[in-house]
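Reader: Hello! I would like a close look at one part of this model, the protein surface around the DNA, and some sense of how far I can trust it.

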Amino acid sequence: MPSDFGARVVQWQRRHGRHDLPWQNTRDPYRIWLSEIMLQQTQVSAVIDYYQRFLARLPTVQALAEAPADEVMALWAGLGYYSRARNLHRCAKLVVEQYGGRFPGDPALLAELPGIGRSTAAAIAAFSAGVRAPILDGNVKRVFARCFGVHGHPGEKAIENRMWAMAEAALPAPGPRQSEDMVAYTQGLMDLGATVCSRGKPACLEDAARCPLSDLCVARREGLTAVLPTPKARAPIPERSTVMVVLRHGREVLLRLRADSGIWGGLWSLPELPVPALPFDAEQAEGDALAFGRAFGTPARAAMVAEMTHVFTHFRLLIRAVRVDMAALALRDGSGVGGVGGVGPGDASDTGAAAEQWRWLSLDRLDELGMPAPVRKLLAGEGLPQLF
DNA sequence: AAAACGGGGGA
DNA sequence: TCCCCAGTTTT
């Protein structure tokens, strides 16, 4: 930790930070606390009007403590995260009861109050009493992750602990100006994260001089601003599998129109065998595919021919393909290549209203129908020379 | 559609 | 103590 880290942030804040927000330039803990709670998960621009209105109506913690819950909720309505408002009200009552209406200056005591965690407690103590305590909100985590090259999701306990240690070490040195420095430092970290070291496009990419930490910043030096902070690891997505039947007669294959809803809704796809029992049994699948083919005529042979994985956002689909070559067809619409078959296999009357739509399509005309990408790829034989 | 967010609350 | 959630905005 460079010894001048805190001083850099303090100086930057004094010259380039924000100084005229409605909750700045006061040491009234009530006003500061109210702003910090409103600013949790809510942007400055959205908070300002609510803040002014709330303060005008309930200017002190005593007034808030005595207000009916309905009024508090009405003043909060539109800000969202309403448990914040309930905690706010509870907290005001506790401050009046336990502390005679005066917020404690000790961050550890503040953090025991409802709605106030460690970071919010430190912010309140720093702004209202100049206490030398570190904040660690999302903005600060982003600044630290980049500046000090911290890999790993900041939501992980180990990473967060490291960052709290950094936050302690980064504080400006104690001194005669500590109180003013802590106000500027705390606001400076927030402003830096919100306006310069933003998530999407940090200002240093355009102009390094915009950031007082750019010459220290590991992420900037190594070109890692886009990958730090490390996003939360996604749970490994589940894998599903299916067996698709490529029923072939000459250059034509049988397609099935999928239901409008669900995966690949409304697209023409290959027929699929009922979910195979695990472990996968190729011979059984081939047998099932032959049986399926018999509904359409006389199958000559069946063979497993391809395997591919398609990745969706929420699962991976392992697609196996079994090719069935038809020696003769029983059910044809007779209109030639590409003609639309109505219903099948069997009569519409067999299956009632839920009759499925089938059709034959020439492999030379794959472009003519809306098809799931992996199915199109499969039929086009991409990377699957053994298919046809 | 997914990630982020700070604190609460349950295991 | 750890982990996950609530509830909303942003990307």
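What pLDDT does chain A average, and what share of the residues score at least 70? With that settled, please take me through the residues around DNA strand C.

Author: Happy to! This is a predicted model, so confidence is a good place to begin. Chain A has an average pLDDT of 89, and 91% of the residues reach at least 70. Among the elements of the chain, helix α4 (residues 61–66) has the highest mean pLDDT, 97, while helix α14 (residues 348–351) has the lowest, 40. Two stretches call for care. Residues 334–343 have a pLDDT below 50, yet the model gives this stretch 19 contacts beyond near neighbours in sequence. For residues 346–354 the pLDDT is also below 50, and there the model has four such contacts. Where pLDDT is low, the predicted coordinates should not be read in detail.

Now to the DNA. Around strand C you will find Q41, Q43, G80, Y81, K157, R199 and G200. Sorted by class, this surface has four polar residues, two charged and one nonpolar.

Q41 deserves a second glance. Its phi is near 60°, which is positive although the residue is not a glycine. Most residues other than glycine have a negative phi, and most peptide bonds are trans. Q41 sits in the loop that links α2 (29–39) to α3 (44–57).

It helps to set this beside the annotation. An unreviewed UniProt entry lists residues 38–195 as "domain: HhH-GPD". That span is 66% helix and 0% strand, and its end C-alpha atoms lie 19 Å apart.

Stepping back to the whole chain, there are 15 helices and six strands. Chain A is split into domain 1, covering 5–222, and domain 2, covering 239–380. The centres of domain 1 and domain 2, taken over C-alpha atoms, are 59 Å apart. As for overall dimensions, the radius of gyration of chain A is 33 Å, whereas a compact globule of 388 residues would have one near 21 Å. Along the principal axes, the C-alpha atoms fill a box of roughly 95 × 50 × 35 Å.

One more backbone detail is worth opening in your viewer. The peptide bond from L228 to P229 is cis, with omega near 0°. P229 belongs to the loop between α12 (218–222) and β1 (239–249).

Terms used. Residues are numbered from 1 along each chain as its sequence is written. Chains are lettered from A and ligands numbered from 1 in the order in which they are written. This is a predicted model: local features need pLDDT of at least 70, side-chain atom pairs count only at pLDDT 80 or more; totals for chains, interfaces and linings use all residues. A residue is near a molecule or strand if its C-beta atom, placed from the backbone, lies within 6 Å of it. Ala, Val, Leu, Ile, Met, Phe, Trp, Tyr, Cys and Pro count as nonpolar, Asp, Glu, Lys and Arg as charged, and the others, Gly among them, as polar. UniProt positions are given in the numbering used here, feature names are shortened, and annotations may be inferred rather than shown by experiment. Helices (H or I, at least four residues) and strands (E, at least two) are DSSP runs, numbered from the N terminus. Domain bounds come from an automatic or database domain assignment. pLDDT is the predictor's confidence in each residue, from 0 to 100. Two residues are in contact if their C-beta atoms, placed from the backbone, lie within 7 Å. The radius of gyration is taken over C-alpha atoms; the globule rule is 2.2 Å times the number of residues to the power 0.38.
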